[in-house]
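Trainee: Please take a close look with me at the largest cavity and at what forms its lining.

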Amino acid sequence: MTVRTNPVWFPGRFRDRLAAMISHLSGPALVPGDPGYDDETARFNTVATPARPAVVVGARDVTDVRKAIAHARSAGLRVAIQATGHGLSTPTDGALLINTRRMTGLSVDPATRTARVEAGVRWGQVVDAAAEHGLTPPNGSSPLVGAIGYTLGGGLPVLGRTLGWAADRVRSLDLVTADGSLRTVSPYENPDLFWALRGGRPGVGVVTAMEVELAAVPRFHGGMLRFPAERASELLAAWLEWSRDLPDTMNTSIALLRPPHAHPVAIRLAHAALSPLSSSHPAPETLIAPLRALRPVEDTVRDRPCTEIAAVHDDPTEPAAYHELSLMLHTLDPGLFDHPDPGFAMVEIRRLGGALSAAPDVPNAIDHRTAAYSLSTIAPATTTAFTTTTAFTAPNTFTAPNVFAAPNPKPPLDLADPSSTGLRFRNFLAGPEAPALAAEAYTPATWNRLTSLKTTHDPHNLFL
């Protein structure tokens, strides 16, 4: 079989093929110009040129996914998958795009503390369903992100130092491979794929569902502290000292923010700790007291039900155009915020360690267990695309407050910096340049193994 990225179609023949496929699908199949096509191809991150797949299938179930893959094989089209459009902006022009947003099956088993999640389910939905049973999933900061796509990239939970990587908590996955087969992927069935799919996103098929472990965490203590950006250097140094020896029950990050069209720039300290379950857990109020003593201008940290966990980071809820890059670090320079580049809307550092450093019972493709910090940067799409090594060199496209106007900007951090692990984090890569950086999220040994599995399970390179 020859797969073409941009096939040339005779309109009549293409319509005949499409009509035949539609007759066997429960969801829609659309081509450019059809009503609803733009909605089906829209992404949360709008930075890339609008996706123009040759056909988009709105899959309602596994049967639709299998039929769409069979159609792509017979037509010589490559296959892309999209649920929410938060992740890597994979080029889809001329491909068959499977949109899984209609696959919203979700069930929670309180006896086994697991959730079964289909491909279109967002984390906010899992959070709400689990909370009915006093449980919480390993969800990320945004409730709108697709649970499966996030987990396939590794998944850094808000409670990551307490719960570990989201991928570590996966028990099994349902995968439709290039030959149209539906496989169960677990430690006992297809173990090579079980290793790869948990953190590796190897591009070998469509994950239509997963079973994930939940935690018995009904409440947490969290929110954010905000400070004026003029205190950025002082606060970063204090946060680094304070966070060095935290217990695993405390999760924390610091971010230098400049929301679009908003002043002033702010320092955000986001925290999420387990509410005291026993006397063995340090009281969150005691842990956070040294930072409160620094006199924040806003303090939203309090005891909350886990349904309010999105309040910790307060991620944007409206689609936007942005580039995102990341580095994983062993150490962090307290002077990192001294001369921030004005091209960034956010520079965020998350404290890792704790359960994130522990090896899972069943190994997977995550290579970040020795990292102490994650560093991510978000820039609006009006800035120049990033290179593979630059983390802090976007041009000045904002009218920024004085804190961003300091001369002699700090030299960029890159993969070769002594403080870096030499790796990026897959979930914190977004924009047109992101797919080319995917290999930089893994050690050479892991990437070579992922590449080998891709060749074995998708020999004709069907999946983008």
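Mentor: Happy to! Let's start with the walls: helix 6 (160-163), strand 11 (250-257), strand 12 (266-274) and strand 16 (346-351) each give the lining of the largest cavity at least two residues. Helices here are DSSP runs of H or I with at least four residues, and strands are E runs of at least two, both numbered from the N terminus. Keep in mind that this is a predicted model, where totals for linings use all residues, while local features need pLDDT of at least 70 and side-chain atom pairs pLDDT 80 or more. Residues are numbered from 1 along each chain as its sequence is written, and side-chain values use heavy atoms, without hydrogens and water.

Strand 11 makes the largest contribution to the lining of this cavity, with three residues. Now for the space itself: the largest cavity holds about 120 Å³. It is lined by 16 residues, and those closest to its centre are Pro157, Val158, Asn251, Thr252 and Arg350. A cavity is a set of points on a 1 Å grid where a 1.4 Å probe fits but cannot get out, and lining residues have an atom within 4 Å of a point.

What is the chemical mix of the lining of the largest cavity, by class? Eight of its residues are nonpolar, five are polar and three are charged. Asp, Glu, Lys and Arg count as charged, so Arg350, among the residues closest to the centre of the largest cavity, belongs to that class. Finally, searching the whole structure turns up four cavities of 30 Å³ or more.

Notes: On a 1 Å grid over the protein atoms alone, a cavity is a set of points where a 1.4 Å probe fits but cannot get out, and a pocket is an open set with protein on both sides within 12 Å along at least five of seven lines; lining residues have an atom within 4 Å of a point. Grid points are joined across faces, edges and corners, and a volume is the space filled by probe spheres set on the points.
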